[in-house]
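User: Could you walk me through this structure? I'm new to this, so please take it slowly.
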Amino acid sequence: MIDPVEAFKHHSSASVPMPTVIPGNTPIYQKAGEVGHRTLWVVFVIMLLSSLAFYIMAFRVPVQKRLFHILTAFITTFATLSYYAMAIGDGVGENKILIKHSQKHFPDTYDTVYREVYWARYVDWSLTTPLLLLDLCFLAGLSGASILVAVVADVIMILTGLFAAFKVDESPKWGWYAMACIAYLVVVYQLAINGRQTAKAKDNKTATFFAAIGGFTFILWTIYPIIWGIADGSRNIDVNAEIVGYAVLDVLAKPVFGFWLLFTHDNFSSSASIDGFWAHGMGKEGTLRVGDDDEGA
């Protein structure tokens, strides 16, 4: 006769096998695919052609009026180098993220995520965004003190974003992110408040143009941290989507911004004209003399 209790025990142990693989041990790799790589090459070409166009535009005006042309050309030149580096596989690192899954009745499990981080992008931003700010600051006529504060806050914003991108632990990562956002608010204050006031003091045409191109820039710059938050921050989008998102913003914030600035500003009858050292170098006063002895020496 079969004991029903023993039969039930035998059936239960046979139908519920013990797991032989602990979940969470397989690494997850988040890397760019074909879409991402193609996007990097396309933007590289756009930045290169834009740079050539800006340099040609610079040589078509007197050197006294080339300030905005040179600054804008440098912006896309640095972006060209950055996108070339990313397109050929340089300027990219890997961030290891350990994600803990707490269990109530079982041991905690962990997922290990390896996500590509394009640090060349942050090098690009640390050089190009201060130059872009100089374009806006000079257009508005900001004081030297306000320009210095805006540029330093901008560099802090980029560096803290880089630190956050490579941070393994979640809490410190968002701490760096918060610092970057605070620095961005300082930049906004200098340009949106002080910049608008000084632009209004110049003339209506300059004030209107500054409000338009400045507002356009700040809308784009506000989208950057949003993409960071859903890409490197929370990893809700893949690396391809991250690359495409940043690529669209970079094209709008650099070539499109540059052509808009130069074409509009060149049509101003009172466009900035800089003489002195910028146009003529150091004059006789203050130059270094080699081989001339002072009289009486």
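Analyst: Let me begin with a term we will need: two residues are in contact when they have heavy atoms within 4.5 Å. Please also keep in mind that this is a predicted model.

User: Okay, so which residues is Trp221 in contact with, leaving aside its neighbours within four places in sequence?
Analyst: With those neighbours set aside, Trp221 is in contact with Thr129, Leu132, Leu133, Asp154, Met157, Tyr184 and Val187.

User: And which residues touch the most other members of the largest nonpolar core?
Analyst: Those are Leu191 and Trp221, in a core that has 49 residues. The elements that each give two or more residues to this core are helices H2, H3, H4, H5, H6, H7 and H8. Apart from it lies another core, of 15 residues, which includes Val43, Met47, Val239 and Val251.

User: Back to Thr129: where is it, and is it buried or exposed?
Analyst: Thr129 is found in helix H4, and it counts as buried because its relative accessibility is 9%, while the cut-off for buried is under 20%. Leaving out residues up to four places away in sequence, Thr129 touches Asp154, Ile158 and Trp221.

User: What about Ser82, buried or exposed?
Analyst: Ser82, which lies in helix H3, has a relative accessibility of 5% and therefore counts as buried. Not counting residues up to four places away in sequence, Ser82 touches Ala120, Arg121 and Asp124.

User: Switching topic: how many residues does H8 have, and how far does it reach?
Analyst: H8 has 28 residues and reaches 39 Å from its first C-alpha to its last, which is close to the 40 Å expected at 1.5 Å a residue.

User: Where is the kink in H8 centred?
Analyst: The kink, of about 30°, is centred on Phe257.

User: And which residue caps the N-terminal end of H8?
Analyst: That is Asp238, which has a side-chain oxygen lying 3.3 Å from the backbone nitrogen of Asn240.

User: Now the whole chain: how many helices and strands are there?
Analyst: The protein chain has nine helices and three strands, and along the sequence they follow the pattern α-β-α-α-β-β-α-α-α-α-α-α.

User: How much of the chain is buried?
Analyst: Of the 297 residues in the protein chain, 42% are buried. The accessible surface of the chain comes to about 16,700 Å², and 67% of that surface belongs to carbon and sulfur atoms.

User: And what share of the contacts with a separation of 6 or more is between residues 24 or more positions apart?
Analyst: Such pairs account for 79% of those contacts in the protein chain.

How values were computed:
Residues numbered from 1 in each chain as written. Predicted model: local features only at pLDDT ≥ 70, side-chain atom pairs only at ≥ 80, totals over all residues. Heavy atoms only, no water. Core = buried A, V, L, I, M, F, W, Y, C linked by side-chain atoms within 4.5 Å. Buried < 20%, exposed > 50% of the residue type's maximum accessible area, 1.4 Å probe, protein only. Helix = DSSP H or I, 4+ residues; strand = E, 2+ residues; numbered from the N terminus. Expected span 1.5 Å × (residues − 1). Bend = angle between axes of the 7 residues up to and from the residue. Polar contact = N/O pair within 3.5 Å; in protein donor to acceptor, adjacent residues only side chain to side chain. Areas by Shrake-Rupley, 256 points an atom, 1.4 Å probe, with all protein chains shown as cover.
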